[in-house]
Each structure stands twice: as C-alpha cells, then as structure tokens.
Amino acid sequence: MSQDTSSTPSPEENNFSLEAIGYIKSDLKEKFGTPRQPGLCPSVLSSIILENSAFNREAITGLENCSHLWILAWFHKNKDMKARSLVRPPRLGGNTKVGVFSTRSPYRPNPISISACSLKEILIKKNKIIIQITG
C-alpha cells in the first residue's frame with residue numbers, strides 16, 4: 001500500500017521528543033578554544049558516557065570492531081540561541097551570509113550535531129559504559 005506523501009502532517013506527527021542516552025566529556029570546555037576541524041586537534045581524547053543498562057550493553061555489541069563512529073548530539077547549551085536562516089561561516093571570513101543548512105552552524109531550528117569520530121576504546125566501569133573517541 002502506498003502512503004500519501006502530499007498531505008500535511010498532523011500536529012502530533014510534527015512534534016516528537018528525544019531522550020538523552022548519555023553525554024560527552026572532553027577537555028575542550030570553551031567555544032572559542034575548540035577547533036572547528038578535528039584534524040587540528042587529533043590528540044584530544046573525549047569520552048561518551050552511557051548510563052549502564054541492559055539496553056546499552058546490548059546496543060554496543062560489535063562496536064569494538066568499528067574504527068569510526070557517527071555521533072549525533074544535541075547542542076544543549078544553545079538555550080539562548082535563536083535559529084537563523086542566514087549565518088556567516090568563519091570559513092568564508094565571516095563576511096558572506098549563506099543558508100544555515102549549508103553550514104555546520106549551531107543556529108538551527110533543532111540544534112543537532114553530527115560528527116565522525118575515531119573509536120579508541122570501550123570501557124565498562126561499574127554503572128557506566130565509556131566510549132573513548134578522538135576527532
């Protein structure tokens with residue numbers, strides 16, 4: 001059966017929630033001290049901390065065989081940042097405005113980030129799963 005993709009979604013279909021499954025710890029604490037390109041800080045080790053549960057232990061099965069991970073994160077400190085249609089990326093010298101969706105700017109309608117990182121190690125300690133990454 002085909003689905004009608006031309007209809008407008010209902011308000012219930014348009015809204016959803018996300019549940020945090022962990023958090024990221026890094027030595028990079030300040031926005032202006034964090035390089036925009038991971039190649040500029042290849043030795044910085046960060047950790048993804050997952051609260052230990054049966055779901056998380058099963059969910060990481062086989063992860064040790066991967067060299068890289070795609071990390072989706074929520075820019076939780078963007079509470080006061082308003083979404084913008086146009087932004088001035090630093091790579092263009094900050095002089096040219098382009099559409100936010102053609103950039104990695106955090107000024108998005110939904111402040112979601114995506115990063116490709118190298119997997120270094122997976123540790124299980126007490127009630128936590130620690131996934132160590134670089135990049």
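What pattern does the chain follow, read along the sequence? Here are my notes, point by point.

1. **Overall layout.** Reading along the sequence, you get α-β-β-α-β-β-β-β-β. That comes from two helices and seven strands. Bear in mind throughout that this is a predicted model.

2. **Burial and surface.** Of the 135 residues in the chain, 24% count as buried. The chain exposes about 10800 Å², and carbon and sulfur atoms supply 54% of that area.

3. **Contacts across the sequence.** Take the contacts between residues at least 6 apart in sequence: 63% of them join residues at least 24 apart. Threonine 134 and valine 44 give you one pair to look up, being 90 residues apart in sequence but 5.9 Å apart in space, C-alpha to C-alpha.

4. **The largest nonpolar core.** Eleven residues make it up: Ile48, Leu50, Ile60, Leu63, Leu69, Ile71, Cys117, Leu119, Ile129, Ile131 and Ile133. Two or more residues each come from strand 2 (45–51), strand 3 (68–74), strand 6 (112–125) and strand 7 (128–134). Strand 7 gives the most, with three residues. As background, nonpolar side chains tend to be buried together in soluble globular proteins.

5. **Leucine 119, a core member.** Leucine 119 belongs to that core, and its contacts are worth clicking through. Setting aside residues up to four places away in sequence, leucine 119 touches Leu63, Glu64, Cys66, Ser67, His68, Leu69, Ile131, Gln132 and Ile133. Among these, Leu63, Leu69, Ile131 and Ile133 are also listed in the core.

6. **Cysteines.** If you're wondering about disulfides, the structure holds zero. A disulfide is a covalent bond between the sulfur atoms of two cysteines. Cysteine 117 counts as buried because its relative accessibility is 5%, under the 20% cut-off. Cysteine 66 has 35% relative accessibility, so it counts as partly exposed. Of these two, cysteine 117 is listed in the largest nonpolar core, while cysteine 66 is one of the residues that leucine 119 touches.

7. **Glutamine 132 in strand 7.** Is this strand 7 residue buried or exposed? Glutamine 132 counts as buried, because its relative accessibility is 15%. Beyond residues up to four places away in sequence, glutamine 132 touches Leu45, Ser46, Ser47, Ser118, Leu119, Lys120, Glu121 and Leu123.

8. **Threonine 134, also in strand 7.** Threonine 134 is found in strand 7 too, and at 12% relative accessibility it counts as buried. Leaving out neighbours within four places in sequence, threonine 134 is in contact with Pro42, Val44, Leu45, Cys117, Ser118 and Lys120. Leu45, Ser118 and Lys120 also turn up among the contacts of glutamine 132.

9. **Aspartate 27 in a loop.** Look for aspartate 27 in the loop between strand 1 (22–25) and strand 2. Aspartate 27 counts as exposed because its relative accessible area is 68%, over the 50% cut-off. From aspartate 27 to leucine 45 is 18 residues in sequence and 7.8 Å in space, C-alpha to C-alpha.

10. **Aromatic rings.** Don't go hunting for ring pairs: the count comes to zero aromatic pairs. What you can look at is arginine 84, which lies over the face of tyrosine 107, at 3.7 Å from the ring centre.

Key
Residues are numbered from 1 along each chain as its sequence is written. This is a predicted model: local features need pLDDT of at least 70, side-chain atom pairs count only at pLDDT 80 or more; totals for chains, interfaces and linings use all residues. Side-chain values use heavy atoms; hydrogens and water are left out. A disulfide is a pair of cysteine sulfur atoms within 2.5 Å. Buried means under 20% relative accessible area, exposed over 50%, partly exposed in between (1.4 Å probe, protein chains only). A nonpolar core is a set of buried Ala, Val, Leu, Ile, Met, Phe, Trp, Tyr and Cys residues joined through side-chain atoms within 4.5 Å. Helices (H or I, at least four residues) and strands (E, at least two) are DSSP runs, numbered from the N terminus. Contact means heavy atoms within 4.5 Å. Rings of Phe, Tyr and Trp (its six-membered ring) pair if their centres lie within 6.5 Å; planes under 30 degrees apart count as stacked, over 60 as edge-to-face and the rest as tilted. A charge sits over a ring if NZ of Lys or CZ of Arg is within 6 Å of the ring centre and within 35 degrees of the ring normal. Accessible areas come from the Shrake-Rupley method with a 1.4 Å probe; for residues, only the protein chains shown count as cover.
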